[in-house]
Amino acid sequence: MLFKVYVMLFEDLINKISLKLEEKLSDRFLISIQESLLRAGLFALASHFIAEILMIIIVLLLLFVSVSLIFSFSLLIAVMLAISIPIAISVAYVMIKTEQRAMQIENSIPDFLRQLASMLRVGLSLENALLDLSKHGNGPLYDELRRVVVEVRMGRGFDEAFENMAVRLNSQNLQRSFKIILNSYKSGGGLADVIEDVSEDLRAILILKRERKSSVMMSVMFLVLASVVAAPFALGMVGVYSSFMMNLGRASTTCQVAPLAAEIYLIIHSVFAGFLIALVMYDDLRKGVKFSIPITLVAFLIFYGINTFGLTFFGF
């Protein structure tokens, strides 16, 4: 019973913060966040999503600052971690959900196009075939299709609605496929045959993608282990050695600068590793952000733990 009361109070506080954010933040910013959430399949208000992140940041600030004062950690690092961890995890989560939803849509597109071609062959028009498919299909692709149908009914052009759908899904294969289908639709050619050919081409592309992904997994695992285990441990030991030398009274300028240089190098190394993984797996550097954020966080936490507790662990 008490737990339910706390949940209700928390939800009420979130709603109040959400209303304040809607007043303070610009409509353009909120709309951009809302579009990102919809692309990820997260049906939450943008202001509500931001309010939840702010609440988590406040809780972590209280927790991390208390821990830093009790165990004599760096207060600046505690504050930075409390602010950066929720934001980084939220951004990475949205990006991963967006990627997963896009993959689900790409995997279901060949079967969808084959169904569409079959319906065109029995005499239905393109608009009626899409309307019928939107009523009976399930999944993210059909959710987007229902949105296209609603936009067309509200007066938006059929071509524009489909082009916007391809842009929202952020897939070059889908944009290229829809462009071919729309051009064939405008020219009045054999639309069913064109859609069937596009379906087979997309199926072949998906098979090649899966083969490529499986063939590079060993390289990806090596990069991940090097980034989150080997590099943080090796660089953390640099800090342990510097602390050991300073305790012996043999500190030099190099010993004082080495831990900071190790932190900077570790962050740069982790970010580059994330982008390299994206390049190896997807041949797309833009997807490197979703790998760089978690790799950098995990690597820095391991490094900080070794750098802080390493001297005690080794009994120096």
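**Notebook: aromatic rings and a nonpolar patch**

I began with F300 and Y304, and I note that both of these residues are buried. The model I am reading is a predicted one, and I keep that in mind for each entry below.

I then looked at where these two residues sit, and found that F300 and Y304 are both in helix α12, four residues apart, which is about one turn of the helix.

Next I asked how many aromatic pairs there are in this structure. The count comes to two aromatic pairs. For F300 and F303, the ring centres are 6.2 Å apart and the planes stand at 45 degrees, so I entered this pair as tilted. For F300 and Y304, the ring centres are 6.5 Å apart and the planes stand at 15 degrees, so this pair went down as stacked, since planes under 30 degrees apart count as stacked.

I also checked F303 against the helix, which covers residues 288-313, and because F300 and F303 are three residues apart in helix α12, about one helical turn separates them. Are F300 and F303 buried or exposed? Both of them are buried. Taking the rings together, I noted that ring pairs link F300, F303 and Y304 into a cluster.

Last, I turned to the surface, where L260, I264, I268 and F272 make a nonpolar patch of about 420 Å². Of these I looked up L260, which is found in helix α11, residues 253-282. L260 has a relative accessible area of 51%, and I therefore entered this residue as exposed, the cut-off for that word being over 50%.

Technical notes. Residues are numbered from 1 along each chain as its sequence is written. This is a predicted model: local features need pLDDT of at least 70, side-chain atom pairs count only at pLDDT 80 or more; totals for chains, interfaces and linings use all residues. Side-chain values use heavy atoms; hydrogens and water are left out. Rings of Phe, Tyr and Trp (its six-membered ring) pair if their centres lie within 6.5 Å; planes under 30 degrees apart count as stacked, over 60 as edge-to-face and the rest as tilted. Buried means under 20% relative accessible area, exposed over 50%, partly exposed in between (1.4 Å probe, protein chains only). Patches are made of residues with over 30% relative accessible area and no salt bridge: like charges are joined within 9 Å, nonpolar side chains (Val, Leu, Ile, Met, Phe, Trp, Tyr) within 5 Å. Accessible areas come from the Shrake-Rupley method with a 1.4 Å probe; for residues, only the protein chains shown count as cover. A salt bridge is a side-chain nitrogen of Lys or Arg within 4 Å of a carboxyl oxygen of Asp or Glu.
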